[in-house]
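Reader: I have a file open and some short questions about it. Can we go through them in turn?
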Amino acid sequence: MTPGPPIVLRFFARFVPSDLREPITGDLTEEYLEMRDRRGPARATLWLWGQAARLALTFRWERAAHGRPLPPIGDELRSMSHMWDSLRQDIAFGVRMLRRQPGFTVVAVIALALGIGANTAIFSVVDAVLWRSLPYPGADEIVSIGEQRTREGRLSGPVSPADFFDWRREGRSFRAMAAYTETAVNLTGVGEPERLRGLSVSPGFLDVLGVHPAQGRDFRTEEETDGRDRVVLLTDAFWRRRFGADPAVVGRAVSFNGNPYEVIGILPAAFWWPTRPDMIVPLALDDHDRTLRAAHFLDVVARRRPDVPFSQAREELSLIGARLSSTYPEENTGHGPNLRPLRQALVGDMRTALLVLLGAVGLVLLIACANVATLLLARATSRQKELAVRMAVGGARIRLVQQLLTESLVLALAGGCAGLLLAAWGMAGLRHVLPAQFAALPGIDQLGVDTRVLLSSLVLSLLTGAVFGVAPALVASDQRVGATLSEETRGASGGAKGRRMRSALVVAELALSLVLLVGAGLLMVSFRNLTEVSPGFRPQQLVTTRLTLPYSRYADRPRAVAFYNAVFDRLRAVPGVDRVAATSAPPFSGLGGRLNLEIEHRSVESPLPVRAHPRIVSPDYFATMGVPLVRGRVFTDRDNADAPDVVVINEAAARSFWPGDDPIGDRISLGDPVRWMEIVGIVGDIRHEGLDAEANPEAYMPFQQGFVAFGTGLVRGMSLVVRTSADASAMAPIIRTAVAGVDDQQPVGLIRPMDALIAQSVAPRRLNLLLLSAFAIVAVVLTASGLYGVMAYLVTQRTREIGVRMALGASRASVLALMLRQAGAMTLTGIGVGLVGAYALARYLSSLLFGVSASDPTVYLAVSALLAAVAFAAIVIPSSRATRVDPLSALR
Amino acid sequence: MAPVDVSALGEFEQVVLLSILRLGDEAYAVSIRDELARCTGREVSRGSIYITLDRLETKGYLKSRLADPTPERGGRAKRYYTLRPRAVEALKDSRRALVALWRGLERVLGQA
């Protein structure tokens, strides 16, 4: 019989008290040998290792916990958990302390919940929109390519087809490149006719995104050509909604705009694209359109090869662009491709607004921390005796700090839980008020509390607890034991250190609040300025809708004009319809390009390119919109194809190209080929691109007359504008009936009131303003409560002193003045520091401002006064209590 | 009657002491554990036996002696335990207290 395996036992013996080593290893060996005989060496060895480990742990913990002699215990399990005991004790003690002071706890938890909740909510939005990767495999390889047109100050605009085809052919850095445009078609033949949102994409679009159809196939290259493009991919949601997820749909034909399209596949359910299309069709350009280089209407995405870095891809593409500029100087001088990561292109200028909000909630959390820290400091003072006694009997300082920190963390976690509830609730609310512009942001539809959000708020809570807990814990535990114990009846004040720290915290709160208030104030002034801007027309009682006449039935201009005139006649006959007109690009639609403008017999000296936005309108357009005629005349029905070509320009064009001169009677030409049109009138400016964008030079042309640069395109795609004296929302069925009465195959787009379009255009600013104002209000309330608390505390601390002063004949007024002087100094310091901070930070806001400078003194002055007033109120209430001190009872 | 301190011995300590009494000269950790399992049906971890024995010895309830090494144990010695008079007294006290407490409760608790 061999002796037991010595290694494990020798190792194990180190964990056993020396006098027990021999018998215990002996016992184990005995049982091991017995077990080996009965159940084999493998089982026995396993058993021995397990027993040795358990015993080692038991002795180890027994030692650590109790040393010897060992106190009575039931079994070793209880002592195993000893490691947690001190933490558990601290937590239990902390919870008890917090429950003993419910007032303090509730105030602190509310402050923390507001701070953590706001941060969690905004963090989850920022995370979803800016940081989480887009839902495509290898999403960081996907880029958006726009056309940069420096002459027009345009950083990234749509791309012309000829440029796209050249880029795609010559770009070596890309695995795939695709152009797309948004499209809308009428679905007929399956139940109710429905207007569908879609994308027209060149084949390769799905390769760029890394998406494969869940059923069926992707587009083939030849389906890019006109005439072979009657195929469609359906999105999963649309397939389920309209076809009940019937797999047999693949291979069948559906009818779009009356034409049959073969369903070649279904996209996966996870497919995401900002515009939420129902279906995707090939982008088929005819031979003429393919050669267009001056008409920009495509968006381009590409996937760069993984081995080609972004900068190299950009370089290659700009070389191609430079070559194209020299080959086609007429169209491409100053033009070039602009490569951006897809996310950056999608998020656009929302980025600044989101980061500003994130910064704002960060400030709110800092204020909450400072607030709770002042509360903790005040409380630490009232617990000073307890702490002093603990230190006097030998409590280590580190142990006290640990205890106080644990309490802070318990508090922070409670605040975090409440904050998470607030955040979940806030996010649910936020989803309902998000403006339409936000709906296209990545990740916004999955907004909610998930693991990342949970983790972030947990980390945030712990950090918060550490931030507001450390300083008070250090101050509170730093005591001259004897001094505190003997100070007893004098009303200890927490030492000069604690007092200084409290003042510093309040000053910090005031300063941070002022920064937030300045931000909110600047946004508020901007918003007011913006809503006071006249759009240049009367948007009330005006509805608009887009009509796109199919080429198949409206190839020539007279047919299109006849269609519109017939619709006008039908609508004018409806009671409540005052005026009706059509335009190629209504305001706030985002539609419209620019063309070179030439003036007969004259060259224009202008630092800017001499260009104007062409607008094709029906004669009654200006009257319908309420655009004032400044000089000359507007169009009439006599300005038809047989009459001389005429044009009406806006004031911006007159100002820019005829400074100090009268343009009426001059002749101009737009684009190629030259075709002179006589200026017959000047109309007021319309803020076409938004209330915050200056009006551009515009040239209006009557829709009966020739305008050739885009063929008949501009006349086939027009928007109706209808001015009504009736309810604008009741116009939708009337317009649909009128259009269907003229052509029952003609779909009608979304019918929207013009003032809703304007409201939507400022909705992101409004949301920004609302959120920032809400955060500023929270900040001010927290600061005021912090100030109130500190003052109330100081009054209590100085009751005896005040009593003495009053006993010696000080008046109530002088006592009040004494208290106010101290608080006033803190307030002024806070506001001063805040003004400097606000001035330094406000420039980050400048891209969000309108009509107000980031350093506008009025705003700074006004919010300072507001904060001072709030601070005064928070100071004066507790201070006036000091004047009611009864000298006798104070001295007793 | 002198006041009886029932809590002088923990419940587990009593069980261990009784097992040692039952085993007489043969009481060492392994046999104590086996005896305990046989009488009470309770499987006790090795660690708690060692620690309790150690504690009882420190408190002066037990004395132990190291026997000669044997080959079955890999040449290691056994530590045998016996009760000191204090332990017997404590057990008696404990029993008295328990019996006094039990008396008259037969009907309430059934045959038990």
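Reader: Of the contacts in chain A between residues at least 6 apart in sequence, what percentage join residues at least 24 apart?
Author: 80% of them do, where contact means heavy atoms within 4.5 Å. This is a predicted model: local features need pLDDT of at least 70, side-chain atom pairs count only at pLDDT 80 or more, and totals for chains, interfaces and linings use all residues. Residues are numbered from 1 along each chain as its sequence is written, chains are lettered from A and ligands numbered from 1 in the order in which they are written, and side-chain values use heavy atoms, with hydrogens and water left out.

Reader: How many helices and strands in chain A?
Author: Chain A has 30 helices and 22 strands. Both are DSSP runs numbered from the N terminus, helices being H or I with at least four residues and strands E with at least two.

Reader: What share of chain A is buried?
Author: Buried residues are 51% of the 892 in chain A. Buried means under 20% relative accessible area, exposed over 50%, and partly exposed in between, with a 1.4 Å probe and protein chains only.

Reader: Switching to the interface. How many residues does each chain put in?
Author: Chain A gives 31 residues and chain B gives 25. Together they bury about 2300 Å², 57% of it on carbon and sulfur atoms; buried area is the accessible area (1.4 Å probe) that two parts lose on being put together, summed over both.

Reader: Which residues make the salt bridge there?
Author: Arg46(B) and Glu31(A), with the closest N and O atoms 2.3 Å apart. The count between chain A and chain B is one salt bridge, meaning a side-chain nitrogen of Lys or Arg within 4 Å of a carboxyl oxygen of Asp or Glu.

Reader: And which helices of chain A supply at least two residues of that side?
Author: H2 (18-39) and H3 (41-66) each do. H2(A) has the largest share, 13 residues.

Reader: New topic: Asp127(A). Buried or exposed?
Author: Asp127(A) counts as buried because its relative accessibility is 1%. Asp127(A) sits in helix H6 (residues 102-131) of chain A. Not counting residues up to four places away in sequence, Asp127(A) touches Arg132(A) and Arg452(A).

Reader: Last one. Where is Pro309(A)?
Author: In the loop between strand S10 (299-304) and helix H11 (310-327) of chain A. Pro309(A) is partly exposed, at 39% relative accessible area. The C-alpha atoms of Pro309(A) and Ser173(A) are 8.7 Å apart, with 136 residues separating the two along the chain.
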